[in-house]
Amino acid sequence: QVQLVESGGGLVQDGDSLRLSCAASGRTFRNYFMGWFRQAPGKEREFVAAISWSAGNTYYADSVKGHFTISRDNAKNTVYLQMNDLKPEDTAVYFCAAALGSTSLSAYKYWGQGTQVTVSS
């Protein structure tokens with residue numbers, strides 16, 4: 001059974017940093033893309049970043065380029081999202097997800113429960 005468990009969210013101030021973690025278990029993720037998504041109140045879920053598990057290729061939404069960094073630790077089966085210079089508009093529930101062989105939204109089959117990030121001004 002695949003499990004994705006996010007952690008690291010919290011309440012921070014404008015300009016602060018947070019690192020989210022996603023612990024993955026239940027299968028081998030070698031051929032998977034691991035993604036981070038977020039959903040703010042009243043808004044649709046949006047793509048934030050993704051990484052290919054094997055090659056480590058990374059992909060970012062334009063809105064987070066330059067201040068968010070996705071990475072993975074193969075030994076720990078964990079994906080991270082380092083978020084720097086956080087702004088109030090980054091406030092959302094952040095979800096980790098896994099997709100086999102593609103970064104298209106429809107390919108993300110496994111999802112975590114989400115972790116709340118709140119940035120106060």
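This short presentation describes the fold, the surface, the aromatic pairs and several individual residues of one protein chain.

Good morning, colleagues. Please keep in mind throughout that this is a predicted model.

I begin with the overall architecture. The protein contains eleven strands and zero helices. Reading along the sequence, one therefore meets the pattern β-β-β-β-β-β-β-β-β-β-β. The radius of gyration is 13 Å, and the globule rule gives 14 Å for 121 residues; the two are close, so the protein is as compact as a globular protein of that length. Along the principal axes, the C-alpha atoms occupy a box of roughly 40 × 30 × 25 Å.

How much of the protein counts as buried? Of the 121 residues, the share is 42%. The contacts may be viewed by sequence separation. If one takes the contacts between residues at least 6 apart in sequence, 56% of them join residues at least 24 apart.

I turn next to the surface and the charges. The accessible surface amounts to about 6,200 Å², and carbon and sulfur atoms account for 45% of this area. As for charge, there are 11 positive and 10 negative side chains. The centres of these two sets are separated by 12 Å.

The next topic is the aromatic residues. The model holds eight aromatic pairs, counting rings whose centres lie within 6.5 Å. One of them is formed by Phe37 and Tyr108. What is the geometry of the pair Phe37 and Tyr108? The ring centres are 4.9 Å apart and the planes stand at 80 degrees, so this pair is edge-to-face; the cut-off for that class is over 60 degrees. Phe37 belongs to strand 4, residues 32-39, and Tyr108 to strand 10, residues 108-111, so the pair ties together parts that are 71 residues apart in sequence. Both Phe37 and Tyr108 are buried. Ring pairs also link a cluster made up of Phe29, Tyr32, Trp53 and Tyr110.

Strand 4 also holds Trp36. Is Trp36 buried or exposed? With a relative accessible area of 0%, Trp36 is buried. Between the C-alpha atoms of Trp36 and Leu20 the distance in space is 9.6 Å, while the two residues are 16 residues apart in sequence.

Trp36 is also among the residues that Ser21 touches. Ser21 sits in strand 3, residues 18-25. Its relative accessibility is 16%, so Ser21 counts as buried, the cut-off being under 20%. Leaving aside residues up to four places away in sequence, Ser21 touches Val5, Glu6 and Ser7, together with Trp36, and also Thr78, Val79 and Tyr80.

Finally, I draw attention to two residues with positive phi. Asn77 is a residue other than glycine, and its phi is near 50 degrees. Where does Asn77 lie? It is in the loop between strand 7, residues 68-73, and strand 8, residues 78-83. Asn77 counts as partly exposed, at 23% relative accessibility.

The second residue is Asp85, which is not a glycine yet has a positive phi of about 50 degrees. Asp85 is located in the loop between strand 8 and strand 9, the latter covering residues 92-100. With a relative accessible area of 38%, Asp85 is partly exposed.

To close, the picture is of a protein with eleven strands and zero helices, in which the buried residues include Phe37 and Tyr108, Trp36 and Ser21. Thank you for your attention.

How values were computed: Residues are numbered from 1 along each chain as its sequence is written. This is a predicted model: local features need pLDDT of at least 70, side-chain atom pairs count only at pLDDT 80 or more; totals for chains, interfaces and linings use all residues. Side-chain values use heavy atoms; hydrogens and water are left out. Helices (H or I, at least four residues) and strands (E, at least two) are DSSP runs, numbered from the N terminus. The radius of gyration is taken over C-alpha atoms; the globule rule is 2.2 Å times the number of residues to the power 0.38. Buried means under 20% relative accessible area, exposed over 50%, partly exposed in between (1.4 Å probe, protein chains only). Contact means heavy atoms within 4.5 Å. Accessible areas come from the Shrake-Rupley method with a 1.4 Å probe; for residues, only the protein chains shown count as cover. Lys and Arg count as positive and Asp and Glu as negative; His and the chain ends are not counted. The place of a charge is taken as NZ of Lys, CZ of Arg, CG of Asp or CD of Glu. Rings of Phe, Tyr and Trp (its six-membered ring) pair if their centres lie within 6.5 Å; planes under 30 degrees apart count as stacked, over 60 as edge-to-face and the rest as tilted.
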